[in-house]
Amino acid sequence: MSLVQRSNGRPYAKLASNLFAIFCGTCMWLCIATLVLLLWNIFSHGWGRVSFDFISSPPSIIFPEKSGIRPALGGSIYLIGLTALFSVPIGVGTAIYLEEYAPNNRWRTLVQTNIANLAGVPSIVYGILGLGLFVRALNLGVSLVAGALTLTLVILPIIILSAQEALRAVPHSIRTASHALGATRWQTIWHQVLPAALPGMLTGVILALSRALGEAAPLVAIGAATYIRNVPSNMFTDEFGALPLQIYNWTDHSDKDFHVAAAGAIVILLTVLISMNALAIVLRYRFSKRIQW
Amino acid sequence: MPANLEANLHLTDVLPHAADELSALAQKVATKAVDFFYGDHQALHGISLGMPIHRVTALIGPSGCGKSTFLRCLNRMNDMIEDTVVRGEILLDGEDIYRRGADVVELRKRVGMVFQKSNPFPKSIFENVAYGPRVAGIRDRGVLNEIVERSLKQAALWDEVQNRLRDSALQLSGGQQQRLCIARALATGPEVLLMDEPASALDPKSTAAIEDLIFELKETYTIVIVTHNMQQAARVSDQTAFFFEGQLIEVGATNELFTNPREKQTEDYITGRFG
Ligand SMILES: Nc1ncnc2c1ncn2[C@@H]1O[C@H](COP(=O)(O)OP(=O)(O)OP(=O)(O)O)[C@@H](O)[C@H]1O
Ligand SMILES: [Mg+2]
């Protein structure tokens, strides 16, 4: 009786509301449980394999327990370095142009919409583009440079969008004040806007690079090696591998012991990724504390 | 009423003199039939106004009448707003600032601006004041120190901040921040100072400090100030211009305009009947 009165003649409203809350809660716990299970599964298998030898030796076709990730890790590091080298100037430059220079017209809206759309394109599509454009048309072959350029395509939209967001977060009054003091547009951007936007941009760049680090599909598409004995020494000619490709190669193996090596490699990859994300979070936190407009 | 009589006598004595004195002065800034458009919207209609050198000109009028727009024309800050058009002439020392080939950056060094909402850079107090001279190419540490000290003293802020020049400007109080913005504007060595409601967000004490400051600054600068506060306009300015719906309705010596307005609209506004 009291229930009916309280809920205004809809006795099931409260029940429905409770059920919905329980449903949502269950979903959340399912997510967390899956994640924990996954992590536990990988760490319990792979942790035993993680050692200095594992990181510093090349893989073996025959002996899973002697296999290491040196060439793959080396390839990944070179790839990320080159990708950063290509994507950061282009991405940040594009963002600055769009935010600070481009007139607000239909052309700009068109470009803006397309960048947002490109961020959602599956990475394999960029892999195929990379194969046609960098590997074949530009004749770069299956090289680190071609791989890094392909990964640049993948993460460029993310870098541009996050850099734009960081620029937009800089209050307009700062630009106005700078111009009113006789600063040129370039001086205003260089001395005021960029320093204020830098931590935000850096966060975006780190997150984008961590995405690039985990990508396998575009590298498979351009034909990167899934099994390789040496760290590439020439970025234009040498074959190269990458951690995700090595993991892919090992998990595909019929010998179960290679799966353990794969788990070890995943532990390394995850550790690097989590550290990068943590760095991004720290940067964002320090940024928001240091500057309150 | 003897007091009243005295006031009247005093005014009739002073008024023609004030007006004469103003018109005898050279005009530092003068606008000739200035129209201004935001896209299709005309915000200013044929404004002709002379601002005498080393005097304070107050712009008053109801919200949206175009005071800020007019002020931003004087240092071409409107250039930054897309799709705007200026017509007519704006002369600084007799030279049209919108002429072909005019150097906007140079203009803004000569015509400084203080905004309604204080907007210090998220940098140290020192860097805020040194920014103008720095972008103008001054690198010498000694010179910069000197400029910063002089500007902060002029803005009556030096005593409060001299020991914390390295601290972030954002730690200052609202009134201090606004004086910092004034110091920053003075550091570029302007000849004209434009102030858009510089005290509207401040408490009475900070407001008084800024008004005193304006009084001192007019010795060396030509000041144009927008204000919604009639008493403030009466206190600090020598000349007052009343704007209404994008038109300049009346301009005159401040005493004269406030005690004896020629136009009905001016009288209605200053007596608080609208706006
Ligand atoms: N950036 C802008 N774009 C388009 N229209 C504008 C812009 N700024 C001002 N206006 C318009 O121009 C007219 C004058 O505005 P302005 O800001 O100069 O008024 P104001 O006298 O300074 O008012 P207030 O006392 O409220 O500050 C208003 O009708 C306003 O809507
Ligand atoms: Mg205004």
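**The interface of chain A and chain B, and ligand 1**

Modeller: In this predicted model, chain A and chain B bury about 1,800 Å² between them, and carbon and sulfur atoms give 65% of that area. On the side of chain A, 34% of what is buried comes from Ala180(A), Leu181(A) and Gln192(A) together, the residues that lose the most area to chain B.

Biologist: How many residues does each chain bring to the contact?

Modeller: Chain A brings 20 residues and chain B brings 21.

Biologist: What polar contacts or salt bridges are found between the two chains?

Modeller: The count of salt bridges is zero. Five residue pairs are in polar contact across the interface, with both residues at pLDDT 80 or more.

Biologist: Which helices of chain A supply at least two residues of the side that touches chain B?

Modeller: Helix H8 (172-180) and helix H9 (185-214) each do so. H8(A) gives the most, with seven residues. By kind, the residues on this side of chain A are eight nonpolar, 12 polar and no charged.

Biologist: Why is His179(A) called buried?

Modeller: The cut-off for buried is under 20% relative accessible area. His179(A) has 8% relative accessibility, so His179(A) counts as buried. This residue sits in helix H8 of chain A.

Biologist: Which residues does His179(A) touch, not counting those up to four places away in sequence?

Modeller: In chain A, His179(A) touches Thr184(A), Arg185(A) and Thr188(A). In chain B, His179(A) touches Met77(B), Met80(B) and Arg108(B).

Biologist: What makes H8(A) mostly covered?

Modeller: Seven of the nine residues of H8(A) are buried. Besides His179(A), they are Ile174(A), Arg175(A), Thr176(A), Ala177(A), Ser178(A) and Ala180(A).

Biologist: Which residue just after H8(A) takes a positive phi?

Modeller: Gly182(A) does, at about 90 degrees.

Biologist: Which of the 14 residues around ligand 1 come nearest?

Modeller: They are Ser63(B), Lys67(B), Ser68(B), Thr69(B) and His228(B).

Biologist: What makes the pair of Thr69(B) and ligand 1 a polar contact?

Modeller: A polar contact needs a pair of N or O atoms within 3.5 Å. A polar side-chain atom of Thr69(B) lies 2.4 Å from an oxygen atom of ligand 1, so the pair meets that cut-off.

Biologist: How do you know that Ser68(B) and Tyr38(B) also meet the cut-off?

Modeller: For Ser68(B), a polar side-chain atom lies 2.6 Å from an oxygen atom of ligand 1. For Tyr38(B), the distance from a polar side-chain atom to a nitrogen atom of ligand 1 is 3.3 Å. Both distances are within 3.5 Å, so both count as polar contacts.

Technical notes
Residues are numbered from 1 along each chain as its sequence is written. Chains are lettered from A and ligands numbered from 1 in the order in which they are written. This is a predicted model: local features need pLDDT of at least 70, side-chain atom pairs count only at pLDDT 80 or more; totals for chains, interfaces and linings use all residues. Side-chain values use heavy atoms; hydrogens and water are left out. Contact means heavy atoms within 4.5 Å. Buried area is the accessible area (1.4 Å probe) that two parts lose on being put together, summed over both. A salt bridge is a side-chain nitrogen of Lys or Arg within 4 Å of a carboxyl oxygen of Asp or Glu. A polar contact is a pair of N or O atoms within 3.5 Å; within protein, one must be able to donate a hydrogen and the other to accept it, and residues adjacent in sequence count only if both atoms are side-chain atoms. Helices (H or I, at least four residues) and strands (E, at least two) are DSSP runs, numbered from the N terminus. Ala, Val, Leu, Ile, Met, Phe, Trp, Tyr, Cys and Pro count as nonpolar, Asp, Glu, Lys and Arg as charged, and the others, Gly among them, as polar. Buried means under 20% relative accessible area, exposed over 50%, partly exposed in between (1.4 Å probe, protein chains only). A residue is near a molecule or strand if one of its heavy atoms lies within 4 Å of it.
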